[in-house]
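Please look through the sequence and the model below before reading on. The numbered points that follow are meant to be read with the structure open beside them.

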2 protein chains.
Amino acid sequence: MREYFDLELKALNDKLIEMGALVEGAIKNTITIITNGEYDKLETSRMIEEKINKMEREIQNYCLNLLLLQSPVAGDLRTVSAALKMITDLERIGDQAIDIAEMSTYLKDCENIYSMTHLSEMAERSSNMVTTAIDAFVKKDLKLAKTVATMDDAIDDLFNKVKQEVIDIINANKELDQQAIDVLLIAKYFEKIGDHAENIGEWVVFSITGKTV
Amino acid sequence: MREYFDLELKALNDKLIEMGALVEGAIKNTITIITNGEYDKLETSRMIEEKINKMEREIQNYCLNLLLLQSPVAGDLRTVSAALKMITDLERIGDQAIDIAEMSTYLKDCENIYSMTHLSEMAERSSNMVTTAIDAFVKKDLKLAKTVATMDDAIDDLFNKVKQEVIDIINANKELDQQAIDVLLIAKYFEKIGDHAENIGEWVVFSITGKTV
């Protein structure tokens, strides 16, 4: 019985790692679109997002079945309930990645606006945060999981920088006002991605220690 | 046994209604702060948010215990899993309400900036959306639950209006640029509140029909 349950927990773990990899792929694809203007990759973004949504439902059902059929306790119960919450954050990151990709099409033909702000650094840092959170989960690394939260301040600071840069752009070039506002909204989405990565880090801490942050 | 389980489901229902009422209170309190500049109510906002977070954890544990101890099936399983997901959306709405309240303090002494945009209408409509979603849950009203999704388009349209108004403000009054950008971010939070209300409507539909939207 126990052996069988261990196999099921391993399967759950594998599914989460797969979903994590998809989410990382979604962000990387979005950054490629923004950085290189490869708008034909939007279709890939949409496909990845669909897969992520499908995996969320699949893992959710898997977790509920585990809860129903196996009545896990203690550490196992923590693992399953952390999984149930973590997939919501992963799915939201997927949503934000596609939202950014879609918004970036409004900025076609004026991609140089990105270089007028700290947006690329925000993108890079929030992507790193997600990778670190998923890594911490994969390796069950408590120290790494706790690191994630410390990475968020830099992103918040960058967001405030972008905010000021956007104001400066609008004041200096009226014809770029719409685009500058879109850059700000994209920056807001990256900030949100950082928040969700932080949540994932917290769920990893919870699944290891049983303590909510 | 069945009778006892019905009592537990009723208790879950009552807890959700209580959490819903707190979330509605959080939004109303935020709107009062914005509309009347009653910044002393910020403390109330913080207290409500803490209660909402506590209730999320409480209901989550309650649901997990129900799943573990009672192994519900069919409609009951749907009710419990919908509850588990719904509380995440309710908690996020609570977060957004407090985020808006905190941001509004940056706009102290220039509240007339709100009247230069469609922000109040956005606030009113997203608050209505949340009330409708919670109402649909309380009354188990499928038709009402489906109505929620139809309310979101108007909010998206209003967001685009606010976006343009913010650009106009920045172009016309340079000294209001920071504040105008804050209005835009507040509008974004109200838009997100609408999205979460839509999710709650979808969970109500799922708990009644078993179909995900």
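1. I begin with a turn just after a helix: A:Lys140, which comes just after helix 5 of chain A, takes a positive phi of about 50 degrees. A helix here is a DSSP run (H or I, at least four residues), a strand is a run of E of at least two residues, and both are numbered from the N terminus.

2. Before going further, please keep in mind that this is a predicted model, in which local features need pLDDT of at least 70 and side-chain atom pairs count only at pLDDT 80 or more, while totals for chains, interfaces and linings use all residues. Residues are numbered from 1 along each chain as its sequence is written, chains are lettered from A and ligands numbered from 1 in the order in which they are written, and side-chain values use heavy atoms, with hydrogens and water left out.

3. How many helices and strands does chain A have? Chain A holds eight helices and zero strands, so that, in keeping with the DSSP definition above, its elements read α-α-α-α-α-α-α-α from the N terminus on. The C-alpha trace of chain A spans about 70 × 35 × 20 Å along its principal axes.

4. Of the 213 residues in chain A, 55% are buried, where buried means under 20% relative accessible area, exposed means over 50%, and partly exposed lies in between (1.4 Å probe, protein chains only). If we take the contacts in chain A (heavy atoms within 4.5 Å) between residues at least 6 apart in sequence, 82% of them join residues at least 24 apart.

5. Helix 5 of chain A, residues 119–139, can be checked for its length: at 1.5 Å a residue its 21 residues should span 30 Å, and its end C-alpha atoms are 30 Å apart, which agrees. The expected span is 1.5 Å times one less than the number of residues.

6. The buried residues of this helix include A:Leu119, A:Met122, A:Ser126, A:Met129, A:Val130, A:Ile134 and A:Phe137. Among the elements that cover the buried residues of helix 5 of chain A are helix 1 (2–36), helix 3 (74–104), helix 7 (152–172) and helix 8 (177–209) of chain A.

7. Turning to the interface, the contact takes 34 residues from chain A and 34 residues from chain B. The area buried between chain A and chain B is about 3,100 Å², of which carbon and sulfur atoms give 60%; buried area is the accessible area (1.4 Å probe) that two parts lose on being put together, summed over both.

8. Between chain A and chain B there are 16 residue pairs in polar contact, both residues being at pLDDT 80 or more. A polar contact is a pair of N or O atoms within 3.5 Å; within protein, one must be able to donate a hydrogen and the other to accept it, and residues adjacent in sequence count only if both atoms are side-chain atoms. On the side of chain A that touches chain B, the elements that give two or more residues are helix 2 (42–70), helix 3, helix 7 and helix 8 of chain A, and helix 8 of chain A gives the largest share, twelve residues.

9. Six salt bridges are found across the interface of chain A and chain B, and 24 over all chains, a salt bridge being a side-chain nitrogen of Lys or Arg within 4 Å of a carboxyl oxygen of Asp or Glu. One salt bridge joins the side chains of A:Asp89 and B:Arg92 (3.3 Å, N to O).

10. Is B:Asp182 buried or exposed? B:Asp182, found in helix 8 (residues 177–209) of chain B, is buried, with a relative accessible area of 4%. Its side chain meets that of A:Lys163 in a salt bridge (2.9 Å, N to O), and this pair crosses between chains, from helix 8 of chain B to helix 7 of chain A. A:Lys163 is buried as well, with a relative accessible area of 10%. Leaving aside neighbours within four places in sequence, B:Asp182 is in contact with A:Lys163, B:Met103, B:Tyr106 and B:Leu107.

11. Two further salt bridges lie in chain B, and the first joins the side chains of B:Lys139 and B:Asp135 (2.9 Å, N to O). These two residues, B:Lys139 and B:Asp135, are four residues apart in helix 5 of chain B and so are separated by about one helical turn. B:Lys139 is exposed, with a relative accessible area of 53%, whereas B:Asp135 is partly exposed, at 30%.

12. The side chains of B:Lys188 and B:Glu191 also meet in a salt bridge (3.1 Å, N to O); both residues lie in helix 8 of chain B, three residues apart, and both are buried.
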